[in-house]
Amino acid sequence: MDNAHTVLTGCDVLVVDGLIREVGPNLQAPADAIEIDAEGGIVMPGMIDTHRHMWQTAMRGYGADWTLSQYFVWYYLEHGRTFRPEDIYAGNLLSAIEAIDAGVTTTVDWSHGLQTIDHADAAVDALEAVPGRFVLAYGNIQAGPWEWSARPEFKDFYRRRIDGRGDMLGFQMAFDVTGDPTFPEKAAFEVARELGVPVTTHAGVWGATNDDGIRLMHENGFMTPETIYVHAATLTNDSYNRIAATGGSVSLSTESEQSAGQGYPPTWRLRHHDIPVSLSMDTSVWFSGDLFSAMRTTIGADRAREHLEAHAKSETITHLHMRSEEAVEWATRGGSKALGLDDKLGSIEVGKKADIVLIKNDQSPVMFPIIHPYGHVALQANRGDVHTVVINGNIVKHENRLVGIDLAKAKDAVANTVDYLRAQLGEETWQKGMNPEVPETKLAENPYTYTTYDGGSAQWKR
Ligand SMILES: [Zn+2]
């Protein structure tokens, strides 16, 4: 993933003291070097997720059939406050381990459940307990950003837990801009500026954030190259122009946008405005923390849109815009550029940090033949094929098994959280939250006669 997207075959990568020292054929390694045989696999840079609500991994899969409205009601209005610091810890711990296991070496923890500083300490405790690279994006959906960012303990937390930790633990401020003409979020942007930290914001989310928020940010001078706009799905050209002109980037959570309803995944519009893209998977309350899925679904969404729009005009797409190579770029370099860490991460080049993933699975018919490496990563491989993961020069997964990571502890912590939440909510509320009503389907008018075959969806519907 260098600037020319060079693909090398039959090469070695030499890592010394956490850095990539040499890349090339037949390298000489020190006698005590650990050798990993990558024959038959693909060595790629560690993937980078720029937006993941890690605390929500404690509720993995609970919202599988939710819309965004149901998500907002459950977390923002009804039950988000129920989460204790240990529940934030539990979700973050499992999510952090999951990231590593899936070859995601850097993850932005879009942590908007930080109701108190104790919650924030718990979030960082979990991130520090796992040998991955993380960015804490500090947020709190239970208070306005102008409120929580003004509390003295917030700045104290930043100095105490984050400042000076280097590139293993970065920091952002995470909040949304509602478009309120009085722009109350201004005070929070000023705190970010004072601390010298980037802001990440859910922008262009249907029914929640819109062009007014972008315009207010722009008019007040808060749109910078470090700003990450999550989703950016329902904006006008004017907003995209403002994002492009100020050098910001968009974090696409295609699985989420498709399922929850933030808006159609906007790759086709970002391409038109030349806005940089990184990938993310948003939250494991719906989806798993897997950027192979993100790459695949992003390619699918872009191509589906292109075909659909052409067909509506009775035209045929003969050449695709979105390439598998682009998806791999977004899952790696896209993230390192968005986070301002491109001089350290995102590619396997001499001098960069050794965050490296080996995709290899000799037992899988899918890992052979490897003809088109980008296509193979984006559309063939999956998280089960992640054989080895190196982060900052440390082997954290090898031969498909995590190394030196206490998964049992994370599972115990999450089990406690699930038991606690289930008891707090009560069984009826718990079940109701997980099983939203299915709207009635109106059968199509059909001039032909229906047979008695009863294989339709009516059988299982409650
Ligand atoms: Zn989000």
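Which residue in β7 is the bridge partner of Phe134? In this predicted model, the partner is Leu169. That pair belongs to the contact between β6 and β7, two strands that run parallel and are joined by five bridges. On to the next neighbour: β7 also pairs with strand β8 (residues 199-203), again in the parallel sense, over two bridges. Here Met173 has Val199 in β8 as its bridge partner. As for cover, β7 is mostly shielded, with five of its six residues buried.

Stepping back, these strands sit in an open sheet of eight, in the order β4-β5-β6-β7-β8-β9-β10-β11, with parallel pairing. The edges are taken by β4 (47-52) and β11 (277-279), each of which pairs on one side only. From one strand to the next, the twist averages 25°. Over at the β11 edge, three bridges tie that strand to β10 (residues 249-252), and the two run parallel. Ser251 stands opposite Ser278 in β11.

Two helices that pack on this sheet can be picked out. Helix α5 (residues 152-162) touches β6 (133-138) and β7 (169-174), and its direction makes about 160° with that of β7. Helix α11 (residues 291-312) packs on the sheet too, touching β4, β5 (104-111), β10 and β11. Its list of contacts thus takes in both edge strands, β4 and β11. The direction of α11 makes about 80° with that of β4.

Helix α12 (residues 324-331) is another mostly covered element: six of its eight residues are buried. Those six are Ser324, Ala327, Val328, Glu329, Trp330 and Ala331, so the buried set includes Glu329 alongside nonpolar residues such as Val328 and Trp330. The surface has its own feature to show. Leu8, Val13, Val23, Val43 and Val350 make a nonpolar patch of about 370 Å². Val350, one of these residues, lies in the loop between α13 (333-338) and β12 (356-359). Val350 counts as exposed because its relative accessibility is 55%, and the cut-off for exposed is over 50%.

Technical notes
Residues are numbered from 1 along each chain as its sequence is written. This is a predicted model: local features need pLDDT of at least 70, side-chain atom pairs count only at pLDDT 80 or more; totals for chains, interfaces and linings use all residues. Side-chain values use heavy atoms; hydrogens and water are left out. Patches are made of residues with over 30% relative accessible area and no salt bridge: like charges are joined within 9 Å, nonpolar side chains (Val, Leu, Ile, Met, Phe, Trp, Tyr) within 5 Å. Accessible areas come from the Shrake-Rupley method with a 1.4 Å probe; for residues, only the protein chains shown count as cover. A salt bridge is a side-chain nitrogen of Lys or Arg within 4 Å of a carboxyl oxygen of Asp or Glu. Helices (H or I, at least four residues) and strands (E, at least two) are DSSP runs, numbered from the N terminus. Buried means under 20% relative accessible area, exposed over 50%, partly exposed in between (1.4 Å probe, protein chains only). Two strands pair if DSSP finds at least two bridges between them. Axes are lines fitted to C-alpha atoms, for helices over the stretch in contact, and angles run from 0 to 180 degrees between N-to-C directions. Contact means heavy atoms within 4.5 Å.
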